[in-house]
Amino acid sequence: MRLAFAASGAIALFVGAAFAADFDGSKPLICAPVQAIDCTPDEGCTKGTPQEIGAPAFLRIDVSKKAVAGPSQTSAIQQSDLDADELLLRGTELGYGWTIAIEQTTGKAVFTLTDREGVFILFAACAVP
């Protein structure tokens, strides 16, 4: 498994009942990763913990400020889209392209971080702090 995760990417465990409006981008979110997958063409895919790939423990998402912030850096949200089921966020950082898809009804999320060498996938959950 590659040991470098070069961008802000994580998500928080979902606790309690939530409303769809909580996950439509109108409120700031805190997220923490729960599972990670690292895929490369030569090595295939390896499952592991987010900590094993260097993902931050928590990530703050603020669509109104167009920012995704980890403990050491902030990445600009360059595009956001909202449909009936999910909030989609996109950006670039440190040579990677990233996407975050957040289910509006549950706060469950998937983060992808790609470059020419492969892809990191983080499965996560988000909550309103």
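This is a quick talk about the strands and one surface patch of a protein chain.

Okay, so this is a predicted model, where local features need pLDDT of at least 70, side-chain atom pairs count only at pLDDT 80 or more, and totals for chains, interfaces and linings use all residues. Residues are numbered from 1 along each chain as its sequence is written, and side-chain values use heavy atoms, with hydrogens and water left out.

Let's start with the overall picture. The protein chain has zero helices and ten strands; helices (H or I, at least four residues) and strands (E, at least two) are DSSP runs, numbered from the N terminus. Buried residues, meaning those under 20% relative accessible area (exposed is over 50%, partly exposed in between, with a 1.4 Å probe and protein chains only), make up 47% of the 129 residues.

Now, look at strand S10, residues 118–127. Nine of its ten residues are buried, so S10 is largely enclosed by the rest of the structure. Who are its partners? Strands pair if DSSP finds at least two bridges between them. S1 runs antiparallel to S10, with nine bridges joining them, and cysteine 31 has cysteine 126 in S10 as its bridge partner. On S9, residues 108–115, there are eight bridges to S10, again antiparallel. Phenylalanine 111 has leucine 122 in S10 as its bridge partner, and a hairpin takes S9 to S10 through two residues.

Last stop, valine 34. You'll find valine 34 in S1, residues 29–40. Is valine 34 buried or partly exposed? Partly exposed, because its relative accessibility is 47%.

That's my tour, thanks!
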